[in-house]
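Morning, everyone. I have one structure to walk through today. Please look at the model on the screen.

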Amino acid sequence: MTISIWRYSHLALAVSSFVFIVLASVTGIILAFQPISEQMEPYNVADLDNITLAETVVVFQNTYPEIIDIKVDANDFVIATVFTEDGNDLSGYFNPKTAEFLGEELKPSPFFQWVTNFHRSLFLKSVGRFFVGLCSFLLCLIAVTGTILIVKRQRGVKRFFTKIINDDFNQYWHVILGRLSLLPIIIITVTGVYLSLEKFDALPETKTAHNIDYELLSETPKQDVSHFSIFTNTSLSEVKHIEFPFSSDVEDYFTVKLHDKDLLVNQFTGAILSEVNTPKVEVFSALSFNLHTGKGSILWSIILAVATANILFFVYSGFAMTLKRRKSRLKNKFKAEDAEIVILVGSENGSTINYANTFFKQLIKQNKKAFIAEMNAYTQYPNAKHLVVMTATYGQGDAPTNASQFFQKLNENTNTKDLKFSVVGFGSLAYPDFCQFAYDVDKKLQQMYTPILPIFTINDKSIDAFNQWVENWSEASGISVTIPQEHLTIQPKQLKKLKVISKTKTNVDNTFLITLKPKKHHQFTSGDLLAIYPKNDYRERLYSIGKVNGTMQLSIKLHENGLGSEFLHSAADGDKIKARLVKNSAFHFPKKTKQVFMIANGTGVAPFLGMLQQNKNIETHLYLGLRTQESFRLYQEQIKQLLFDGKLTKHHLALSRVGDKHYVQDFLKRDAKTVAKLLYNNGVIMICGSLAMHKSVMSVLEEIAVTYNNKPLSYYQNKQQIKSDCY
Ligand SMILES: Cc1cc2nc3c(=O)[nH]c(=O)nc-3n(C[C@H](O)[C@H](O)[C@H](O)COP(=O)(O)O)c2cc1C
């Protein structure tokens, strides 16, 4: 499939450097613990910002007859070499406030040294150093191309950190962790490149030379060291190193190295004899070293370790996504010009290709001359009778990358007007522009060819919906196709055991409530989904969970020959069933809002019954659409209790088979002003139930948003104020 230049660059860079990246990351994670272990040592005994150089020099001079030098290392440990009264030399860590000797200088751990050498050069000396530097550079480019991919995916720089919908584990965490570790990774890589350049002497020379006019050296006016203004005005945290005068000759002086300059100081008068600024290259080198290694900061070392561990996850998840995409490549038996049925696919992440391929393979199996291609490969099909377009939607209702040139190609290539077409849109109701690109394609094709079916949209890759379309298409085209479901479903993993606690009788609408309890403690909440496997095979049925008193309450409509509903209906109290928990974070009860309107029809009320139980102080309205008062009896007790407990503020029951026949959308129209106010005040609207109800509700909400608030509904959808889980 066509992939964008940015994704191609991102992938090519990762492929070309991945072995080095993995080695450098693993060793980098280990090395991040070195500064942490050093910082744990008890030698950081004083706040260096609050001690002047004068204080330290004086206390050392008062304690020891001779001092060679005093250093402050990256961990803020003070290291000195002195001679004691009895003429012995003493070297190691000292307390800068008292000049007390604290201990000998730490020797680098042989293990960390071994890992450091491997990290720097892979034991390959200059060649290894070169490759590690190059890999650092490539990793930086990977981070940059990754950033561009996120910007494109999020539809702009401003939306860089806005919410991401969890469609796919690898993709979701690749982006989430990528955003969080972007800055540390750029810092690690840029400083890594800098340190490599330094090792190869590729940076400008940085020699500093002092110039002293020995003629002007004077022992007067003599001052006590404690009054040297340069010493009293310099805190110890600014100092890297101070060398004491070798003798009491005026030609011998203090040599002071600060972070930003080198000074020579007259030992009698405190006058500055020479001052040279530290070259920028040296300042950057020190900064790069500290930033790259985490020296001196436990927090930064931890950030480095986490960011580096994330790099390993990016390698894994990036390749997993690529493999998934490659798996869904298109292979043909017939040429485009011979094909009678042409299937065109628009897909970014491969799942639509999987559906299209399955459909295509069934046609080939039935000896049909079928041809499959990406939408961008649209051309002339002289023998084609049927055109099927299956496409996902991305961006703001935009085309996936491999369909971006479809409209242009449509204009360039014409086929017979009799070509019968059908468009299948794959999308997600979690996005404001549900299947918009598919709608655009359908509209355009209607101007050129003959529709065999109205556009068909599929929410969240629903296999049931896809089968429904296949059935519709088979009927309309006269070409019978049945899809073996195992071709579309992935074998279930991580099944949990659940016990049936209770089950109600079916009511007038053939609906019942079933309560299940997980055998072990499993994390779930209202709005999550429960996938059951009635025949212990690939066939899965999903139900929305309401967490009621710690158990799972499902509302099920019993369908004739309904795989899932019959299975659950036949379960007796105490029976055990296996199921998979599907996190559905996009449909959890909001915590940070003041008002929530819940809109449901039929069994869609189940998650709301659980959410309302969790509610502490949010104003909630439940708009529930059912057929008759008798249908309501199933939920009546729970709703009464919720109202009584103040967890549900108001309840609006729309009965579609009684009296004037009401639907939830009618009540929303009635309460238009309150709904508009809720949207304006950042309240949340949650919708659960049938897709048909969802469509009607959305169009009423659109009207309300535009009329009262002068804003399109998409404005509120983008702010995550509309949450849907419909089927
Ligand atoms: C970044 C991103 C943006 C999306 N934007 C939309 C959208 O605007 N409208 C929509 O209906 N679906 C949207 N979707 C959902 C996809 O169209 C849907 O998951 C589709 O099944 C993916 O098909 P694919 O795996 O073939 O690319 C988006 C998904 C992602 C990851």
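I'll take the sheet, then the helices, then the ligand site.

A word on the source: this is a predicted model.

Start with the sheet. Eight strands form an open sheet, in the order β4-β3-β2-β1-β5-β6-β7-β8. The pairing is antiparallel. Which strands stand at the edges? They are β4, residues 101-103, and β8, residues 272-277. Each has a single partner strand, so one side of each is left without a neighbour in the sheet. From one strand to the next, the twist averages 20°.

Now follow β8 inward. Its pairing with β7, residues 261-266, is antiparallel and runs over five bridges. In one of these, Leu263 has Glu275 of β8 as its bridge partner.

Next, a helix on the sheet. Helix α2, residues 53-63, lies across β1, β2 and β5. Relative to β1, α2 runs at about 145°.

Then a helix pair. The axes of α1, residues 5-39, and α3, residues 110-121, come within 9 Å. They cross at roughly 145°, and the crossing is left-handed. On the α1 side, the contact includes Ala24, Ile30 and Leu31. On the α3 side, Phe112, Val115 and Phe118 are among the residues involved. By class, this contact has six nonpolar residues, five polar and no charged ones.

Last, the ligand. How many residues surround it? There are 22, and Ser347, Ser351, Thr352, Ala392 and Gly427 come nearest. Helix α9, residues 351-365, and strand β12, residues 420-427, each supply at least two residues of that shell. The shell divides into seven nonpolar, ten polar and five charged residues.

That's the tour. Over to you.

Terms used. Residues numbered from 1 in each chain as written. Predicted model: local features only at pLDDT ≥ 70, side-chain atom pairs only at ≥ 80, totals over all residues. Pairing = 2+ DSSP bridges. Helix = DSSP H or I, 4+ residues; strand = E, 2+ residues; numbered from the N terminus. Axes fitted to C-alpha atoms, helices over the stretch in contact; angles between N-to-C directions. Contact = placed C-beta atoms within 7 Å. Near = placed C-beta within 6 Å. Nonpolar A, V, L, I, M, F, W, Y, C, P; charged D, E, K, R; others polar. Left-handed = near helix turned anticlockwise from the far one by under 90°.
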